[in-house]
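Here is a short briefing on the structure shown below. Chain-level shape comes after a look at single residues, sheet and domains.

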Amino acid sequence: MLASAVLVVAMLVVALRHESRLLFAQLQTLRSERDALNTEWGQLLLEEGTWSEHRRIEQMARTRLDMHIPGRDRIIVLDGTRPAP
Amino acid sequence: MTSRRTSGTVRRRANVVLGALYIGLALLAARAAYLQVVSADYLQIQGQARHTRVVKDNSHRGMVLDRNGVPLAISTPVDSVWAHPPTTLQEQKYIPALARLLEMTPRELSQTLKRSSDREFVYLKRHVPPNLATHVMALKAPGVALLREYRRYYPAGPVAGHVVGFTNVDDLGQEGLELAYDAWLRAIPGTKRVLKDLQGNAVEVVESIRLPVAGRDLVTSLDRRVQYLAYRELKSAVQKSGARAGSAVVLDVQTGEVLALVNEPDFNPNNRANLRSDTFRDRAVTDLYEPGSTLKPFTVAMALESGKYATDTLIDTTPGTFQVGGKTIRDTHNYGVLSVAHVIEKSSNVGASKIALSLPRERLWSMLRRVGFAESTGSRLPGEVAGLLNPPSTWVPIEQATISYGYGVSVTLLQLARAYAVLANGGELPPINLLRQDQVPERTRVMAPGIAHKIRRMLELAVGTDGTGTAAKVPDYRVAGKTGTVHKLTPSGYSADEYVAWFAGFAPMEHPRLAMVVLIDHPSGDRYFGGQVAAPVFSQVMAGALRLLDVAPDAPRPATTVVAAKEAKDVR
């Protein structure tokens, strides 16, 4: 009785060991995948940071797109507190 | 007979052999039991030591973000090349090729390895580019491996260099917020066990012994857009005026959050190999300056508080000079008889001195202490200094007079900005914070709302047509502020031709949102007044910041450009 119980437990230990190894290997792959994605994300953030650098945006808006801040007389202020006549 | 004897002999022999076998078996069993039970632990450790190794498992440092989630500092993984010196030294033939890849001479490499030949780990080169890492691994040199580390990048570069600070090669904060909040940002490395092959190379990770903990992200109070505006305008002002240095800070007057903090000269935290350390200094918190005329509003606040003065009380400043204890206090012109409000508008030193001297000196001291001078702002920025203000018991009359117009007292830029926030928010001292606040923090009342309000009106006059700070005006908004031009204190006394130009102010007038202080240190041209070099920076940055933060204009506008909400649809 006891002997068979020991045998069963022994087999379970072996099986669980194996399973844990497999799961750990999976964890490793997933982790390296996460690392790769993190790396890519970090690089994309940096790239975005470089492209959206204010100095660059400003220069492009001014030179290439010929944009400028409108003069005071061309800005209309909407006053929500004043009723329409 | 013979056969029987023979058969008896055979049996006896068989028994001997069997007995020997049993003894052998018993010995084997005993040995097995000894190995399995008695010395199992020892053997397991020894076995693992021969085919596994424990290595460091790094994780990334938290990001530094601006208040809208835009990154100001990011960690990206890079690899560092390391070696197990005894293993690598066994195979000399790989060394020249390895040295070439790592940009070392073979001699240097061997020496590095030999020096640490009794150790398990030595860095060969840190933070290598990914393609170089691939090449190194392709070499398959024994005992050479990569370690995942993290390098810090600063997308905003020099724009936020001083305030964000930087880390060293070990990912530890060295300056700025990186240092102040290092414990929060820092990752805790874990350890993992790896299997190694015959050459000692790690081939497989078998278990994590301790999981690494990644650093936490830090959401700062900075606004990258406002920060950029302040950076751009300060840089151009410093260049245009040929100044030695400059600083500017923008505060939210309600919460005490720092929206922008910039210094000149600047530095690029991504590339600091050839930089001198004095460019790292965050002058806005580490350097002390005399505030000059920007301090006058607090002298006047003290006067109003005493009840002896009102906004329209008249003070005779004729003839533009005033003798105190053998020293002469001067105004730039003879302003004649001025009201208290005009003392601020014209920035009269004589007027401020006469007010200060007519009242007990403890009053002025108490006012200056209450609005936060001579104490740390609590920003937690490294190297922040408290400033200097002598106790009133040591003041002589001339000192009492000069302090009233900002000489003989030293402040940081951040302190002055906080003091102006008190005037702007109706008399409450906000705690300075570099982290985003989701609600208005608890503030201490240090000045009656009515007095703060009166000073605000006077400061609006000071940027008005007849004031000294007209260049600080912002289209469509009513702003308030005060200029200051200070003779620089040098080891040999006050310099005759070196100045510090100040502007401190806030906007919009009706419901102030932002306070800003600009300092230009030693403008070298013939334009050196605060109203000439510092006030324009305020105007430009404020105009942009108020627009970016969607603050409604409060200045009267030409009638045709204001329409009510319902009508707006038709206009478009």
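This is a predicted model. B:His522 is partly exposed, because 19 other C-beta atoms lie within 10 Å of its own and 20 would be needed to count as buried. Its setting, in the loop between S19 and helix H19 (530-548) of chain B, leads straight to the sheet.

**Backbone at the loops of chain B**

- B:His522 is not a glycine, yet its phi is positive, about 60 degrees.
- B:Asp476 also is not a glycine and has a positive phi of about 75 degrees.
- B:Asp476 sits in the loop between H18 and S17 of chain B.
- B:Asp476 counts as partly exposed, because 18 other C-beta atoms lie within 10 Å.
- The peptide bond from B:Ala507 to B:Pro508 is cis, and its omega is near -15 degrees.
- B:Pro508 belongs to the loop between S18 and S19 of chain B.
- The peptide bond from B:Glu264 to B:Pro265 is cis as well, with omega near -5 degrees.
- B:Pro265 lies in the loop between S10 and H11 of chain B.

**The loop between S10 and H11**

- B:Asp278 is found in the loop between S10 and helix H11 (283-286) of chain B.
- B:Asp278 has 10 C-beta neighbours inside 10 Å, so it counts as exposed.
- B:Asp278 and B:Pro265 are 13 residues apart along the chain, and their C-alpha atoms are separated by 9.2 Å.

**The sheet of chain B**

- An open sheet is formed by 5 strands of chain B, in the order S10-S9-S19-S18-S17, with antiparallel pairing.
- Its edges are strand S10 (258-264) and strand S17 (480-490) of chain B, each of which pairs on one side only.
- From one strand to the next, the twist averages 10 degrees.
- Helix H17 (residues 413-424) of chain B packs on the sheet, where it touches strand S9 (245-252), S18 and S19 of chain B.
- The direction of H17 makes about 145 degrees with that of S19(B).
- Helix H18 (residues 449-462) of chain B lies across S17 and S18 of chain B, at about 75 degrees to S17(B).

**Strand S19 and its partners**

- Strand S18 (residues 493-507) and strand S19 (residues 514-521) of chain B run antiparallel and are joined by 8 bridges.
- S18(B) and S19(B) form a hairpin, with 6 residues between them.
- S9(B) is likewise joined to S19(B) by 8 bridges, and these strands run antiparallel.
- B:Met516 in S19(B) is the bridge partner of B:Val250.
- B:Met516 is also the bridge partner of B:Gly505.
- B:Ile520 in S19(B) is the bridge partner of B:Ala501.
- S19(B) is mostly covered, with 8 of its 8 residues buried.
- One face of S19(B) holds buried B:Leu514, B:Met516, B:Val518 and B:Ile520.
- The other face of S19(B) holds B:Ala515, B:Val517, B:Leu519 and B:Asp521, which are buried too.

**Domains of chain B**

- The domain assignment gives chain B domain 1 (55-219) and domain 2 (224-268 + 284-548).
- The C-alpha centres of domain 1 and domain 2 of chain B lie 47 Å apart.
- The contact draws 18 residues from domain 1 of chain B and 16 residues from domain 2 of chain B.
- On the side of domain 1 of chain B that touches domain 2, helix H7 (161-164) and helix H8 (176-180) of chain B are the elements that give two or more residues.
- H8(B) gives the largest share of that side, 4 residues.
- The residues on that side of domain 1 of chain B divide into 11 nonpolar, 4 polar and 3 charged.

**Chain A**

- Chain A has 2 helices and 1 strand.
- Its elements run α-α-β from the N terminus on.
- Chain A is more spread out than a compact globule, because its radius of gyration is 32 Å, well over the 12 Å that the globule rule gives for 85 residues.
- The C-alpha trace of chain A spans about 95 × 40 × 15 Å along its principal axes.
- Of the 85 residues of chain A, 1% count as buried.

Key:
Residues are numbered from 1 along each chain as its sequence is written. Chains are lettered from A and ligands numbered from 1 in the order in which they are written. This is a predicted model: local features need pLDDT of at least 70, side-chain atom pairs count only at pLDDT 80 or more; totals for chains, interfaces and linings use all residues. The radius of gyration is taken over C-alpha atoms; the globule rule is 2.2 Å times the number of residues to the power 0.38. A residue is buried if 20 or more other C-beta atoms lie within 10 Å of its own, exposed if 12 or fewer, and partly exposed in between; C-beta atoms are placed from the backbone. Two strands pair if DSSP finds at least two bridges between them. Axes are lines fitted to C-alpha atoms, for helices over the stretch in contact, and angles run from 0 to 180 degrees between N-to-C directions. Two residues are in contact if their C-beta atoms, placed from the backbone, lie within 7 Å. Domain bounds come from an automatic or database domain assignment. Ala, Val, Leu, Ile, Met, Phe, Trp, Tyr, Cys and Pro count as nonpolar, Asp, Glu, Lys and Arg as charged, and the others, Gly among them, as polar.
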